[in-house]
Amino acid sequence: MKFGKRLKQHVQETLPGWRDMYLNYKDLKKLVRLISSSLEYGKSEDEFVYLLNNEIEKFNMFFMEQEEDFIIRHKELQQRIKRVNTSEPLSEGECEEEMAKIRKDIVDFHGEMVLLINYSNINYTGMAKILKKYDKRTGGLLRLPFIQKVLEQPFFTTELISKLVKECETIIDELFPTVVVAGEMNEAAITMVGEGIFRNTIAALMTMKEIRKGSSTQSHFSLPALNLPDTELIRSCQLNAPISII
């Protein structure tokens, strides 16, 4: 599947509030076509670079807002767990109810962070592809210096979010039996419709795997390949998703 179609499909499947935050690949592609046939090359290139910089600014603002929110939510989840473990003894029913709420919130939180990492990956990949297309059609040399600039942007720096993802996974492993969490997530995948976080997370994982898979066209601009386990969880979500996620 071509990147433009893959991006369009992914945007349709992601969270509603995120859909306008992705790379405007379609308009940039149209502009590249116009520039390649334009007599005013210098002016057109300035417009192209201006639009790319606007896209980067959009990515950075959105990414940093989400990152800040995730840091706050992570601390709140830790505090909730601590209160359950250290407050006055709760009845068995009350404790189970609160821990079930925490478990669901952690799974949702983990899913949203995976979506943000995918947001970074797919926008970087789109930038690299549109710059490659620009250089090929115009004979320009924008890709290398511009990608070097992109690599320094906040939206490409996912180390903190990746760390929070791993910490969430550690919390789930320590506090909740694996079979319980997997069972609840599998049930959610089967019964969920519309804009469920879990379903979107699986779609994001599959998108990341697709855009980062090894191929004969890999270059030093490409993201490293991503290998996902072939689990019953992912297979069941694919089989039961209302629309195809790969």
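**Exercise 1.** In this predicted model, determine whether Asp-105 is buried, partly exposed or exposed, then find which side chain Asp-105 meets in a salt bridge.

*Solution.*
Step 1. The relative accessibility of Asp-105 is 28%. Buried would require under 20% and exposed over 50%, so Asp-105 counts as partly exposed.
Step 2. The salt-bridge partner of Asp-105 is Arg-80, with an N to O distance of 2.6 Å.
Step 3. Arg-80 sits in helix 3 and Asp-105 in helix 4; the two are 25 residues apart, and the pair links distant parts of the chain.

**Exercise 2.** Arg-80 also meets Glu-98 in a salt bridge. State the distance and work out which helices the pair ties together.

*Solution.*
Step 1. From N to O, the distance between the side chains of Arg-80 and Glu-98 is 3.7 Å.
Step 2. Helix 3 spans residues 41–86 and holds Arg-80, while helix 4 spans residues 92–138 and holds Glu-98. The pair therefore ties together parts that are 18 residues apart in sequence.
Step 3. Glu-98 has a relative accessible area of 24%, so Glu-98 is partly exposed.

**Exercise 3.** Explain how Lys-101 and Glu-97 are placed in helix 4, and classify the exposure of Lys-101 and of Glu-97.

*Solution.*
Step 1. The side chains of Lys-101 and Glu-97 form a salt bridge at 3.8 Å, N to O.
Step 2. Because Lys-101 and Glu-97 are 4 residues apart in helix 4, about one helical turn separates them.
Step 3. Lys-101 is partly exposed at 43% relative accessible area; Glu-97 is partly exposed at 46%.

**Exercise 4.** How many salt bridges are there, and which residues are linked with Arg-73 in a network?

*Solution.*
Step 1. The count is 7 salt bridges.
Step 2. Asp-69 and Glu-112 are linked with Arg-73 in a network of salt bridges.

Note on methods: Residues numbered from 1 in each chain as written. Predicted model: local features only at pLDDT ≥ 70, side-chain atom pairs only at ≥ 80, totals over all residues. Heavy atoms only, no water. Salt bridge = Lys/Arg side-chain N within 4 Å of Asp/Glu carboxyl O. Buried < 20%, exposed > 50% of the residue type's maximum accessible area, 1.4 Å probe, protein only.
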